[in-house]
Amino acid sequence: MKNVHKGKIGEAKAINYLQSLGYNIIQTNYRCAFGEIDIIAEDSGVLVFLEVKSRKNTDFGYPSEAVNYKKQHSIAKTAVTYIKQKNLFNKPMRFDVVEIIGDSIRVIKDAFTSDIWY
């Protein structure tokens, strides 16, 4: 199975799970010059930028470990672009990671922070 197809399946699982937790999905696959954010949602009034990572097993580590500094930096710069476009400067926000291992799904809230701000 192609990685893009596997990614879409993982994102669909993540969306269903997030909605069951009460997240309001605002947008998926937001792209700009700096990168992509898999899911943008709202959780109890907080704007959440979510990265989805999935693997069959942990033979090569946990999926969340793939969200390294370079990836975090790209997500943060993309989030700033989104915030500017939507004029959401006063909205509280955070970065979460959705980790999928086989059929198990876990949301890591406040997975990382960023020093990149408008």
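Asking why: contacts, burial and fold

User: What makes the link between the side chains of Ser 64 and Glu 99 a polar contact?
Analyst: The distance is 2.7 Å. The cut-off for a pair of N or O atoms is 3.5 Å, so the Ser 64 and Glu 99 side chains qualify at 2.7 Å. Bear in mind that this is a predicted model.

User: Where is Ser 64, and what else does Ser 64 touch?
Analyst: Ser 64 sits in the loop between strand 3 (46-55) and helix 2. Setting aside residues up to four places away in sequence, Ser 64 touches Lys 53, Val 97, Glu 99, Arg 106 and Ile 108.

User: Over to Arg 94. Why is Arg 94 counted as buried?
Analyst: The relative accessibility of Arg 94 is 10%. Buried means under 20%, so Arg 94 gets the label. Its place is in strand 4 (residues 93-101).

User: Which side chains does the Arg 94 side chain make polar contacts with, and what makes them count?
Analyst: One partner is Tyr 23, at 3.0 Å, and another is Asp 96, at 2.8 Å. Set those against the 3.5 Å limit and both pairs pass, therefore both are polar contacts.

User: What else is Arg 94 touching, beyond residues up to four places away in sequence?
Analyst: The list includes Asp 43, Val 46, Leu 47, Val 48 and Phe 49. Lys 109 and Asp 110 are on the list too, as is Tyr 23.

User: Since Asp 110 came up, is Asp 110 buried or exposed, and why?
Analyst: Exposed: the relative accessible area of Asp 110 is 52%, and exposed means over 50%, so the label follows. Asp 110 lies in strand 5 (residues 104-112), with phi near 50°, a positive value in a residue other than glycine.

User: What about Asn 29: where is Asn 29, and what is phi there?
Analyst: Asn 29 is in strand 1 (residues 24-32), and phi of Asn 29 is near 50°, again a positive value in a residue other than glycine.

User: Is Asn 29 buried or exposed, and why?
Analyst: Buried. Its relative accessible area is 18%, and the cut-off is under 20%, so Asn 29 makes it into that class.

User: How do you know which class Thr 78 belongs to?
Analyst: Thr 78 has a relative accessible area of 0%. That is under the 20% cut-off, so Thr 78 is buried. Thr 78 is placed in helix 2 (residues 69-86).

User: And what makes Thr 78 and Gly 35 partners?
Analyst: A polar atom of the Thr 78 side chain lies 3.3 Å from the backbone nitrogen of Gly 35. Leaving aside neighbours within four places in sequence, Thr 78 is in contact with Tyr 30, Cys 32, Phe 34, Gly 35, Glu 36 and Ile 37. The C-alpha atoms of Thr 78 and Arg 31 are separated by 7.4 Å, with their positions 47 residues apart along the chain.

User: Zooming out, which pattern does the chain follow?
Analyst: Along the sequence the order is α-β-β-β-α-β-β, from two helices and five strands.

User: Why is the chain called as compact as a globular protein of that length?
Analyst: Its radius of gyration is 14 Å, close to the 13 Å that the globule rule gives for 118 residues, so the description fits.

User: How much of the chain is buried, and how much of the contact set joins residues far apart in sequence?
Analyst: Buried residues make up 38% of the 118 residues. Of contacts with a separation of 6 or more, 56% are between residues 24 or more positions apart.

How values were computed: Residues are numbered from 1 along each chain as its sequence is written. This is a predicted model: local features need pLDDT of at least 70, side-chain atom pairs count only at pLDDT 80 or more; totals for chains, interfaces and linings use all residues. Side-chain values use heavy atoms; hydrogens and water are left out. Helices (H or I, at least four residues) and strands (E, at least two) are DSSP runs, numbered from the N terminus. The radius of gyration is taken over C-alpha atoms; the globule rule is 2.2 Å times the number of residues to the power 0.38. Buried means under 20% relative accessible area, exposed over 50%, partly exposed in between (1.4 Å probe, protein chains only). Contact means heavy atoms within 4.5 Å. A polar contact is a pair of N or O atoms within 3.5 Å; within protein, one must be able to donate a hydrogen and the other to accept it, and residues adjacent in sequence count only if both atoms are side-chain atoms.
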